[in-house]
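Q: Please take a close look at the loop residue with an unusual backbone angle, and then follow the backbone and the packing outward from there. Where does it sit, and what else in the model deserves the same careful reading?

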Amino acid sequence: MIKIGVIGYKNHAKRMIKIFSSQSNVKIQCVYHPKKKIKGVTNNINYLLNTDAILILCPNHLHFKYINFVKKEKYKGYIFCEKPPVTSKSDLKRIKCNKRKTFFNFNFRFSYLKNFFEKEINLRNLGKVLNISIVATHGFAFKKEYKNSWRSKSSLHKNGITETVIIHWIDFINLFFGEINKISYNPVNFLGNGTAYDTCQVSLKLKNKAHANIFASYASPAISRISIIYTNGIIEYDKNLLKVYGPRNVFSKDGKFKNPPIIFKKKINYQAMYNESLINSVNYFLNFVRSKKYIPRYMYDKSIEANKFVFMNNEK
């Protein structure tokens, strides 16, 4: 039986506790909060140390504190920490942990899209990637609970939506489309229902000469849209429908280029895909806990890379 300790108890933490609890031979040994007096929650942080793995599911700005606490206490188990690893350049330089037993939950790495891009691109002969465009938005900033959420406060959510939403896509692009060479972004508190950035546009330049743009907002209708242009085809995902177009050389009767036809189409519910990626990510982590093996070092290194890009030309 794998004994799990948890830091965090509501919202996303509650969702993750449910996923871990549903896995075979896993027991949530304790849930910690420093102050809250709630049934089933302890205020004694040392209870966490008598476990096989600790889940750091608290707000972003507290990740550094608890990662370093675990290291200081010479904890021998595994760490599952939500992204981002930390929220400032200074914390990134000072973070201390067992890099082969610490896992950051960039769960898009375990989504259907990951498998699709790894296998289907060569199969469909789409060529080299030229441009990536991603839009990830919804209307959280209009909700009443947003004002009381840590996500609305710049003191707790320093990099705003960039560190919570955009970082997922930075990591995904960096892993599967090419190493990022340059990044620029323009964060803004568009709605003003708090002090944190609720909207951001990010532009990336990859070492393979491709470009990418990511737009994310808490002040918009819900949109989950991906468009990727290759030298010999196009991939589009919008309104739960994934479509692949190709090849490039399609001509009209007078020899002019025409829009390529659809060569692949599949319905993929975005929320279902996201939920599945969380389960896959949890199972990936638990496999190492069960076997008592080390997590591949590149998983840690790529997580730190994605975190660094969030601070470029922003955090001093």
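A: In this predicted model, K239 is placed in the loop between strand β11, residues 234–238, and strand β12. Its phi is near 50°, which is a positive value in a residue other than glycine. Most residues other than glycine have a negative phi. As for its surroundings, K239 has a relative accessibility of 72% and therefore counts as exposed, since the cut-off for that term is over 50%.

A second residue invites the same reading. N11 lies in the loop that runs between β1, residues 2–7, and α1, residues 12–21, and its phi, near 55°, is again a positive value in a residue other than glycine. N11 is exposed as well, with a relative accessible area of 57%.

The backbone also has features at peptide bonds. Most peptide bonds are trans. Beyond β12, which spans residues 241–245, comes the loop leading to β13, residues 262–267, and P247 is found in that loop; the bond joining G246 to P247 is cis, with omega about -5°. A cis bond also joins K83 and P84, where omega is about -5°, and P84 belongs to the loop between β4, residues 78–82, and α3, residues 89–94.

From the loops one can turn to the interior. The largest nonpolar core contains 72 residues, and those with the most contacts inside it are F117, W169, F177, I235 and F285. Helix α7, residues 270–291, gives the largest share of this core, namely 9 residues. If neighbours within four places in sequence are set aside, F285 is in contact with F20, A53, Y78, I79, F80, F103 and I295. Another core, of 28 residues, lies apart from the largest one, and I7, I45, Y75 and C81 are among its residues.

Two of the residues with the most contacts in the largest core, F117 and W169, also take part in the meeting of two helices, where L113, K114, F117 and E118 of α4 face W169, F172 and F176 of α6. By class, that contact is made up of 5 nonpolar and 2 charged residues, with no polar ones. The axes of α4, residues 112–124, and α6, residues 161–176, come within 11 Å and cross at roughly 25°; because angles under 35 degrees count as roughly parallel, α4 and α6 are roughly parallel to each other. Their crossing is right-handed.

Helix α6 has a further partner in α8, residues 297–311, and here the axes are 9 Å apart and the packing angle is about 125°, so that α6 and α8 are oblique to each other. This crossing, too, is right-handed. On the α6 side the contact involves T162, E163, I167, I170, D171, N174 and L175, which meet K302, E305, A306, N307, F309 and V310 of α8. The class make-up of this contact is 6 nonpolar, 3 polar and 4 charged residues.

Taken together, helix α6 packs against α4 through W169, F172 and F176 and against α8 through residues that include I167, I170 and L175, while K239, where this reading began, remains an exposed residue with a positive phi.

Technical notes:
Residues are numbered from 1 along each chain as its sequence is written. This is a predicted model: local features need pLDDT of at least 70, side-chain atom pairs count only at pLDDT 80 or more; totals for chains, interfaces and linings use all residues. Side-chain values use heavy atoms; hydrogens and water are left out. Axes are lines fitted to C-alpha atoms, for helices over the stretch in contact, and angles run from 0 to 180 degrees between N-to-C directions. Helices (H or I, at least four residues) and strands (E, at least two) are DSSP runs, numbered from the N terminus. Angles under 35 degrees count as roughly parallel, over 145 as roughly antiparallel, 65 to 115 as roughly perpendicular and the rest as oblique. A crossing is left-handed if the near helix is turned anticlockwise from the far one by less than a right angle, and right-handed if clockwise. Contact means heavy atoms within 4.5 Å. Ala, Val, Leu, Ile, Met, Phe, Trp, Tyr, Cys and Pro count as nonpolar, Asp, Glu, Lys and Arg as charged, and the others, Gly among them, as polar. A nonpolar core is a set of buried Ala, Val, Leu, Ile, Met, Phe, Trp, Tyr and Cys residues joined through side-chain atoms within 4.5 Å. Buried means under 20% relative accessible area, exposed over 50%, partly exposed in between (1.4 Å probe, protein chains only).
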